[in-house]
Amino acid sequence: MGPLTGLKVLDLTHVMAGPTCTLMLADMGADVLKIEKAPGGDDTRRMVPPLVGDEAASFLMMNRNKRGIALDLKTPGGAAILRRLAKSADVLIENFGPGVLDRLGFGYEELRAENPGLIYCSISGFGRTGPYKERRGFDLVAQAMSGIMSFTGAGPGAAPTKCGPPLSDITAGILAAMGILAAYTHRLKTGQGQMVETSLFEAALVQTYWQSAIALATGVSPGPLGSAHPLNAPYQAFEAADGWLVVGGANQKNWLRMLEAIGALNLAQDARFADNASRMANLDALCDELARCFRTETVEHWLRVLDANGVPCGPVHTMQQALDDPQTKAREMLVEVEHATLGTVKTLGLPVKFSETPGKVRSGAPTYGQHNHEILAEYGFTPAEITALQQEGAIRAG
């Protein structure tokens, strides 16, 4: 099921960036073995509330479609298990602190000696080179150091503001998945594996294309503009009589369509708003004029007339409204999946659709150590050996 069916992936990641990467691969059909640390497991198991039954909602969201095994890599048995799994793996992904897996004997050079085709992916705070290579990173730090927090906020003079979602974590996971698939394509041609790496810092930087373009061209760092665009206007949120909507009148055709829809064609003759450069130079005045207009009618009214005129627009949803939106359901972005102990749980669906090899949310997130025996048996461990590993503490279960 899915274009990556048959791809064997060892997932030694935790929390967000790495699990995002392996989630993408698992949803496309890869057999992802989530190797959780013992004791304790993935830190998202303790990111509560909220709980669904006795499981953390955050862990359930990031780890569906994966099989779970809990290993203590500091025990001889745990190390032996990982080494055997790695011999036949196609991909290994890790986001440990700098040098941790190397010290444990599971660095890229060690593992590729026994598996030359291995694609070894590392996600870190700042990457494996440069003056910050030994530093640990979090999304908050990446958003701050990439400049994102300096131009996010209500407007000029606003305090530095973090984007709501963990933007660098999720982007790093997507970039890592892209890199792995590119490396896999190379391996299909040559048989050669390779190291793939990215970082939260780089993932945050690639979100700044527009702001970097401005800074590189002018030498001036752009500041926060609320919901407005740094290069096009009008392209932002406006308050209506009963709520908020967003409007994208961001090129001349849409600008004129918008004015016709809202009954403000007089602004088309105003020299301050004659073209995009003029509108950006007079953004505050433009917002004042449009704000007065939008406050006179409801969100539903404006969405109807703007949509009828072909102007990109939409309501500002809450999270629950977004999940309940009929488009979310039509695109199967809200699905149900069976969990081993919780029964049916809801989760987000696959954002990429395939006509011939559709992926699918096949199974819920694993309970702690749920597939220990199943996975070890698949890799040739006998029942007696599995019992011995359990007694040693090399494998754990909740």
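# Exercises on strands, helices and cysteines

Strands E12 and E13 form a hairpin, with 3 residues between them. The model is predicted. Work through the exercises in order.

**Exercise 1. Find how strands E12 and E13 run and how many bridges join them.**

Step 1. Locate the strands: E12 covers residues 334-339 and E13 covers residues 343-348.
Step 2. Take the direction: E12 and E13 run antiparallel.
Step 3. Take the bridges: 6 of them join E12 to E13.
Step 4. Check one position. Val335 stands opposite Thr347 in E13.

**Exercise 2. Work out which strands stand at the edges of the open sheet formed by E9, E10 and E11.**

Step 1. Write down the order. The 3 strands follow one another as E9-E10-E11, with antiparallel pairing.
Step 2. Look for strands with a single partner strand. These are E9 (235-239) and E11 (313-315), so each has one side without a neighbour in the sheet.
Step 3. Add the turn. On average, neighbouring strands of this sheet are turned by 20° against each other, direction ignored.
Step 4. Look at one pairing. E10 (residues 244-248) pairs with E11 over 3 bridges, in the antiparallel sense. The bridge partner of Val246 in E11 is Gly314.
Step 5. Recall what holds such pairs. Strands of a sheet pair through backbone hydrogen bonds.
Step 6. Place the helix. H12 (residues 283-294) lies across E9 and E10 and runs at about 40° to E9.

**Exercise 3. Classify the packing of helices H10 and H13 by angle.**

Step 1. Locate them: H10 spans residues 252-262 and H13 spans residues 299-308.
Step 2. Take the geometry. The helices pack at an angle of about 130°, and their axes are 9 Å apart.
Step 3. Apply the cut-offs. An angle over 145 degrees would count as roughly antiparallel, and 65 to 115 as roughly perpendicular. H10 is therefore oblique to H13.
Step 4. Name the contact residues. H10 supplies Met258, Ala261 and Ile262, while H13 supplies Trp302, Val305 and Leu306.
Step 5. Add the hand: the crossing of H10 and H13 is right-handed.

**Exercise 4. Explain why Cys163 and Cys293 are in no disulfide, and whether each is buried or exposed.**

Step 1. Count the disulfides: the structure holds 0.
Step 2. Recall the cut-off: the two sulfur atoms must be within 2.5 Å.
Step 3. Test Cys163. Its nearest cysteine sulfur, that of Cys287, is 19 Å away.
Step 4. Test Cys293. Its nearest cysteine sulfur, also that of Cys287, is 13 Å away.
Step 5. Compare with the burial cut-off, under 20% relative accessible area. Cys163 has 18% and is buried. Cys293, at 17%, counts as buried too.

Definitions and conventions: Residues are numbered from 1 along each chain as its sequence is written. This is a predicted model: local features need pLDDT of at least 70, side-chain atom pairs count only at pLDDT 80 or more; totals for chains, interfaces and linings use all residues. Side-chain values use heavy atoms; hydrogens and water are left out. Buried means under 20% relative accessible area, exposed over 50%, partly exposed in between (1.4 Å probe, protein chains only). Two strands pair if DSSP finds at least two bridges between them. Helices (H or I, at least four residues) and strands (E, at least two) are DSSP runs, numbered from the N terminus. Axes are lines fitted to C-alpha atoms, for helices over the stretch in contact, and angles run from 0 to 180 degrees between N-to-C directions. Angles under 35 degrees count as roughly parallel, over 145 as roughly antiparallel, 65 to 115 as roughly perpendicular and the rest as oblique. A crossing is left-handed if the near helix is turned anticlockwise from the far one by less than a right angle, and right-handed if clockwise. Contact means heavy atoms within 4.5 Å.
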